[in-house]
Amino acid sequence: MRHKAGVATAIKLQRIMDGVMNRYIYHLRRIVTQVTPILIKYAEERLKSRLKKAARKKPVFRVSKVRYNDVLKRVMRKTVKSITKMAVDSGIDIAAKDVLGPKQYETINRKFEIESRKLVKEIGDELSGNLSKSLLGKVRRTLKTGTQEGMSFGDIIKQVHKDLGYYRNYELERLARTESVRAINKASQWVYRRADNVVGKMWVTDADPCTEICLPLKNKVIDKNKRFYPGGFTYPPAHPNCRCSIAPVYGVPKIKESEKK
Ligand SMILES: [Zn+2]
C-alpha cells in the first residue's frame with residue numbers, strides 16, 4: 001500500500017524528547033535529593049521504635065503512606081507536572097504545526113490548553129505515583145531485610161542512603177526517558193486523531209532501535225486510531241527506556257495494516 005509518512009516530524013519529535021528527558025532527569029534528581037533526608041529520618045524513627053520489639057517478634061515495617069504522600073506532594077507533584085507540561089505542549093505544538101493545515105491548526109489550537117492540562121495530570125500523577133511507590137518500597141525492603149539479617153542500626157541507615165543514591169543515577173534516567181517518550185507520543189496521538197489529513201501512523205524507531213520489542217514494529221503502518229497489535233500499544237513507549245515515536249501517515253482514506261514494502 002502506498003502512503004506518505006511524515007517521518008521528518010517524528011525525527012523532530014525525537015530530538016525534542018532528548019531535551020525534555022534531560023530536564024526531567026535534572027528535576028527528578030533534585031526531587032530525590034530533597035526527599036532523601038526526609039526518608040532517612042523517617043527510616044531512623046521506624047527503626048528505633050521497631051528494634052525495641054525485635055527481640056520478641058519479627059518486626060513489620062509500614063511506612064505511613066499518608067505522611068509520605070504529604071512530603072511528596074510538596075516537593076514532587078508540582079515539578080513533575082511542570083516538566084510534563086513542557087513535554088506535552090511541545091509535542092502537541094510540533095505535531096500540529098507539521099501535520100495540520102492553517103485552518104484546522106487554528107481550531108485545534110483552542111483545544112490545546114484543555115487537553116494539555118488533562119494529559120499533564122494523567123502523566124504527572126502516574127510518574128509521581130510510580131516514583132514515590134518505588135522509593136518507599138526500597139526503604140521499606142531495606143528496613144525489613146536489614147533487621148532480619150541482624151544488620152546494625154548504622155549499617156541499615158547506610159544502606160538506605162545507598163539505595164536512594166541508586167535512584168539518582170540509573171533509575172531516574174530510565175523514568176525520565178520513558179515518561180518523556182510517553183508524553184510526546186501521547187500528544188502526537190492526540191493531534192493525529194483530530195487531523196483530517198492524517199489517516200494512519202507509523203512506528204518509528206531510533207537509529208539504535210530497542211531491538212527485542214520494537215524492531216518488529218519498525219515502520220509498521222496502521223490506522224491512526226488502532227493499536228499496533230491486538231491488546232498492544234497505541235503509541236510508544238513499548239517498554240522502559242523505549243526511544244521510539246510515531247509519524248503521521250497522510251491522505252489514503254482507509255489504511256489496513258500494511259507491511260513495509
Ligand atoms: Zn522502542
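## A walk from the sheet to the core

Start with the whole protein in view: its secondary structure comes to 5 helices and 4 strands (helices are DSSP runs of H or I with at least four residues, strands are runs of E with at least two, and both are numbered from the N terminus). This is a predicted model, in which local features need pLDDT of at least 70 and side-chain atom pairs count only at pLDDT 80 or more, while totals for chains, interfaces and linings use all residues. Residues are numbered from 1 along each chain as its sequence is written.

Colour the elements from the N terminus on, and you will meet them in the order β-α-α-α-α-β-α-β-β.

**Stop 1: the sheet.** Select the 4 strands. They form an open sheet with the order β1-β4-β2-β3 and antiparallel pairing (two strands pair if DSSP finds at least two bridges between them). β1 and β3 stand at the edges with a single partner strand each, so one side of each has no neighbour in the sheet. Now add α4, which packs on the sheet and touches β2 and β4; its direction makes about 15° with that of β4 (axes are lines fitted to C-alpha atoms, for helices over the stretch in contact, and angles run from 0 to 180 degrees between N-to-C directions).

**Stop 2: strand β4.** Select residues 245-250. Is this strand mostly covered or open? Of its 6 residues, 5 are buried (20 or more other C-beta atoms within 10 Å of a residue's own; exposed means 12 or fewer, partly exposed in between, with C-beta atoms placed from the backbone). β4 pairs with β1 (residues 4-5) over 2 bridges, and A5 has V249 as its bridge partner. With β2 (residues 198-204), β4 shares 6 bridges.

**Stop 3: K201.** Click on K201 and look both ways: P248 in β4 stands opposite, and so does I222 in β3.

**Stop 4: the core.** Next, select L28, A95, V99, I184, A187 and V191. Of the 65 residues in the largest nonpolar core, these touch the most other members (such a core is a set of buried Ala, Val, Leu, Ile, Met, Phe, Trp, Tyr and Cys residues joined through C-beta atoms within 7 Å). Elements that each supply at least two residues of this core include α1 (7-54), α2 (65-99) and α3 (102-148). Zoom in on V99: among the residues that V99 touches are G6, V191, N197 and P248 (contact means C-beta atoms, placed from the backbone, within 7 Å).

**Last stop: G101.** Look in the loop between α2 and α3 for G101. G101 counts as exposed because it has 10 C-beta neighbours inside 10 Å. Its C-alpha atom is separated by 8.5 Å from that of N197, 96 residues apart along the chain.

Conventions. Two residues are in contact if their C-beta atoms, placed from the backbone, lie within 7 Å. Lists of a residue's contacts leave out its neighbours within four places in sequence.
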